Amino acid sequence: MIEYLYNAVKATAEQDITLTAILTDAENNPIETNCAIILYDDKNTLGTFSGDYVSSGLWNFTIPAAATSGLSGRYWYCICEDNNNLCFKQPLYLV
């Protein structure tokens with residue numbers, strides 16, 4: 001199960017979590033290479049997972065089930081391009 005509320009996400013731990021985003025630069029051109037999603041707890045990076053480019057700036061980011069094994073509660077995610085964050089950390093609630 002995955003639910004979105006703006007940029008906040010509620011998902012089931014121990015299942016693959018696929019998030020979809022449209023990524024554009026400041027001139028509204030599609031970003032087409034080197035994007036990833038980073039998963040954090042309150043203090044540490046829990047993993048970085050490469051995105052899959054679809055087309056026209058559309059990306060799929062999958063956090064594998066193994067990365068959320070045993071997790072529950074609030075975590076954070078951020079999408080980056082070439083290690084440059086494209087957003088602030090956003091909440092990810094695992095149930």
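The aromatic contacts and the cysteines of this predicted model are described below.

Two aromatic pairs are present in the structure. In one of them, formed by Trp-59 and Phe-61, the ring centres lie 5.9 Å apart and the planes meet at 10°, so the arrangement is classed as stacked, given that planes under 30 degrees apart fall into that category. Both partners are buried, Trp-59 as well as Phe-61. Together with Tyr-53, the residues Trp-59 and Phe-61 make up one aromatic cluster. A contact of another kind involves Tyr-40, whose ring face is covered by Lys-89 at 4.1 Å from the ring centre.

With regard to the cysteines, a search of the whole structure returned zero disulfides. For Cys-35, the closest cysteine sulfur belongs to Cys-80 and is 7.2 Å from its own sulfur, which is too far for a bond, since a disulfide requires the two sulfur atoms to be within 2.5 Å. Cys-78 likewise takes part in no disulfide, the nearest cysteine sulfur being that of Cys-87, 3.9 Å away; this separation is to be read against the cut-off of 2.5 Å for the sulfur pair. As to solvent exposure, Cys-35 has a relative accessible area of 4% and is therefore buried, while Cys-78, with a relative accessible area of 1%, is also buried, the limit for this class being under 20%.

Note on methods:
Residues are numbered from 1 along each chain as its sequence is written. This is a predicted model: local features need pLDDT of at least 70, side-chain atom pairs count only at pLDDT 80 or more; totals for chains, interfaces and linings use all residues. Side-chain values use heavy atoms; hydrogens and water are left out. Rings of Phe, Tyr and Trp (its six-membered ring) pair if their centres lie within 6.5 Å; planes under 30 degrees apart count as stacked, over 60 as edge-to-face and the rest as tilted. Buried means under 20% relative accessible area, exposed over 50%, partly exposed in between (1.4 Å probe, protein chains only). A charge sits over a ring if NZ of Lys or CZ of Arg is within 6 Å of the ring centre and within 35 degrees of the ring normal.
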